[in-house]
Amino acid sequence: MGIPTPAAAAPPTPAAAFVNPIAQQRADPHIHKHTDGFYYYTATVPAYDRIVLRRATTLQGLSTAPETTIWTKHADGDMGAHIWAPEIHFIDGKWYVYFAAAPTDDPWAIRPYVLESSAANPLTGAWSEKGRISLPLNTFSLDATTFVHNGTRYLSWAQADPAVGDGTGIYIARMSNPWTISGSPARIASPTHAWETRGHRVNEGPAFISKGDKVFMTFSASATDSNYCLGLLTADRTADLLNPASWVKKPTPVFTSNTATSQYGPGHNSFTVSEDGASDIMVYHSRTYRDINGDPLNDPNRQTRMQKLYWNSDGTPNFGIPVAEGPTPVRFSSFNFPDRYIRHSGLRARVEANVTDLADSQFRIVSGLAGNGTVSLESANFPGHYLRHKGFEVWLERNDGSSLFSGDASFHRRPGLADASAGLSFESFNYPGRYLRHYDSLLQLQPVNSALDRADATYSAT
C-alpha cells in the first residue's frame, strides 16, 4: 500500500518558538523588523517618563539586548507626563516614534505625539519632536499606530468622544505625512459588549494585519487588570476602511486571561514576523497574577511576551491562549496529511484538520520525564499534562509522578522516518522501536515497518 497523497493544503510554516517573558516591566510592546537585519523594540516603562529602544538580529535576542533611552519627558508643560505606548516605524527613509503624552499640569489630557530621526541607527541618532498629531476632537486620545494598505497610509488610534458616551473608541484616518492626518476620521469601533466594559468602557491599542482577501484590526478592551483582553475587527481587503460599515466586530474576545497558564490581562498587542519571514508573530503584554492592589496602572509588572499567530483554514487569525512562561509550544503537522495536526480531544490524542481550539493542538517540547536525553510533550492548555501511551494508545494525562508515567510519557526525538531533513519522529523510551504514529486518525504507539508506517510516524513542528 502506498503513501496517501498529501492533502491539498498550504504547507505548514516552520515553528517559531520563544522563551517568555521577553522583558519584565514593559507594557504595550511594539516591534519593527527592519531591512538592516535588526528588530527594533519599544514599550511603555512603569515610570511613564521616557521612551526606550532595544535592537537585536533575532526576536529572542531582544530579551537580552541592551536598552537605550532615546527621549525623556519634558520637565514641565506639554509632553511632561504619562508617556505611554510608543511605537517605532520606518517611513520614507526616516524613523518615527508615535506615543501618548500629557502636560504636567493636566496629566490626563493625553494626546498623541511624534518623534522623527533620520539616523541609520535610531538608538544612537538624534531625535526631533514633530509635535502633537492634530485631531478634530480635542479630547483624551492615545495609542496611535500607522500602516499602509492598498497604497494609502492610515493612522488609527483610540479616543474619547463625549457625544458617544464614556470610554474610548477606535478611529482611523488617512495621512498626508507621518505626523498629519487628512480628511475626516471615522470611528470604526466603540465598546458595547460586556467584555469591553469591565472596569472601564475601553476600545484601545489598535493593531493592523492583513492576509488573503481580509484585513484585521485587533484592539484591547476593558480595564487594564485581569479583565483586559483582545477583540477583533474584520474588513474586506478592497473595502473602504474609512466606512464604519466595512468593519465587523467579532462578538466575543479573541485573547483573554488564562488561569491554567497563569497569564492575566493579555493585551495591547502588535504584530511582527519571524526571522525567516514565514510566520506572523504576536507581541503583547500580560501579568502572572490576577489580583492587583489599587489602580492597575500603578502596578508595574506587565511583561512583554511573544507567540506565533496561527491562521484558520478560512483565513481568519487564531490567537489561541496566552501560553505559560518558558518555552512556547509548537504544533505537529502530519507528514502525509499536512493539514492535520496532533491534538487532544476528550484527552485522546489524534490527528485532525481545522483545529480551531488552537491550544488543543499545541505542545511544549520539554526535557523528558524519564531523562536519558528524552523529551516529553506537555499540553499548552493543560500544563502538567503530557502525551503518554497506555495500552499502546496515546492519551493526554496529568503526570502522577510515577516512574511508569515518566517512561510512558518520554520519547527519543529522531529525524523524521519519512523525511530526515525536515521532519521528526518520536520513539518510545520504554518500548524502543515503537513510534508515535497516527492510524485511522488516532495516535498510537506502534512499530514501523513500511513506507506508510514511516509516513504516519513523521511530523513537522510548526
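# Exercises on a predicted structure

Glutamine 263 touches Ser257, Asn258, Ser286, Arg287, Thr288, Arg305, Pro322, Val323 and Glu325, if residues up to four places away in sequence are left out. Keep that residue in view for the opening exercise, and remember that the model is a predicted one.

## Exercise 1: Glutamine 263

Find where glutamine 263 lies, decide whether it is buried or exposed, and find its side-chain polar contact.

*Solution.*
- Start with the place: glutamine 263 is in the loop between β17, residues 248-249, and β18, residues 264-273.
- Next, take the relative accessible area, which is 1% for glutamine 263. Buried means under 20%, so glutamine 263 is buried.
- Now go back to the neighbours, which include Ser286. The side chains of glutamine 263 and serine 286 make a polar contact at 2.6 Å.

## Exercise 2: From β18 to β19

Describe how β18 and β19 are joined, and say what glycine 277 does in their hairpin.

*Solution.*
- Look at β18 by itself: nine of its ten residues are buried, and the strand is mostly covered.
- Then add the partner. β18 and β19 run antiparallel and are joined by six bridges.
- For one place along this pairing, take valine 273, which stands opposite aspartate 280 in β19.
- Finish with the turn: six residues lie between the strands of this hairpin, and glycine 277 takes a positive phi near 75° there.

## Exercise 3: Serine 274

Work out what surrounds serine 274, and which backbone atom its side chain reaches.

*Solution.*
- Serine 274 has its place in the loop between β18 and β19, the latter being residues 280-287.
- Its relative accessible area is 4%, and serine 274 therefore counts as buried.
- The side chain of serine 274 reaches the backbone nitrogen of alanine 278, at 3.4 Å.
- With neighbours within four places in sequence set aside, the contacts of serine 274 are Ala16, Lys33, Tyr39, Leu59, Ser279 and Ile281.

## Exercise 4: Two open sheets

Give the strand order and the edge strands of the sheet that holds β2, then do likewise for the sheet that holds β14.

*Solution.*
- In one open sheet, four strands follow the order β2-β3-β4-β5 with antiparallel pairing. Its edge strands, each pairing on one side only, are β2 (27-33) and β5 (68-72). On average, neighbouring strands of this sheet are turned by 25° against each other, direction ignored.
- Zoom in on β2 and β3 (residues 39-44): five bridges join these antiparallel strands. Here alanine 27 stands opposite threonine 44 in β3.
- Another open sheet has four strands in the order β14-β15-β16-β17, again with antiparallel pairing. The edges are β14 (203-211) and β17, each pairing on one side only.
- β16, residues 229-236, pairs with β17 over two bridges. Leucine 233 has lysine 249 in β17 as its bridge partner.

While you look at the strands, keep a general point in mind: in a regular strand the side chains alternate between the two faces of the sheet.

## Exercise 5: Rings and charges

Classify the ring pair of phenylalanine 90 and tryptophan 95, then find the rings over which arginine 331 lies.

*Solution.*
- The whole structure holds 17 aromatic pairs. For phenylalanine 90 and tryptophan 95, the ring centres are 4.8 Å apart and the planes stand at 65°. Planes over 60 degrees apart count as edge-to-face, so this pair is edge-to-face.
- Compare the exposure of the partners. Phenylalanine 90 is partly exposed, at 31% relative accessible area, while tryptophan 95 is buried, at 0%.
- Widen the view: Phe90 and Trp95 belong to one aromatic cluster with Phe38 and Tyr40.
- Turn to arginine 331, which lies over the face of tyrosine 310, 5.2 Å from the ring centre. Its charged end also sits over the ring of tyrosine 341, at 3.8 Å from the centre.

## Exercise 6: Glycine 80

Locate glycine 80, list what it touches, and find how far it lies from glycine 231.

*Solution.*
- Glycine 80 is in the loop between β5 and β6 (81-91).
- With 4% relative accessibility, glycine 80 counts as buried.
- Leaving out residues up to four places away in sequence, glycine 80 touches Lys73, His74, Ala102, Pro103 and Thr104.
- From C-alpha to C-alpha, glycine 80 and glycine 231 are 31 Å apart in space, and they are 151 residues apart in sequence.

Terms used
Residues are numbered from 1 along each chain as its sequence is written. This is a predicted model: local features need pLDDT of at least 70, side-chain atom pairs count only at pLDDT 80 or more; totals for chains, interfaces and linings use all residues. Side-chain values use heavy atoms; hydrogens and water are left out. Two strands pair if DSSP finds at least two bridges between them. Axes are lines fitted to C-alpha atoms, for helices over the stretch in contact, and angles run from 0 to 180 degrees between N-to-C directions. Rings of Phe, Tyr and Trp (its six-membered ring) pair if their centres lie within 6.5 Å; planes under 30 degrees apart count as stacked, over 60 as edge-to-face and the rest as tilted. Buried means under 20% relative accessible area, exposed over 50%, partly exposed in between (1.4 Å probe, protein chains only). A charge sits over a ring if NZ of Lys or CZ of Arg is within 6 Å of the ring centre and within 35 degrees of the ring normal. Contact means heavy atoms within 4.5 Å. A polar contact is a pair of N or O atoms within 3.5 Å; within protein, one must be able to donate a hydrogen and the other to accept it, and residues adjacent in sequence count only if both atoms are side-chain atoms.
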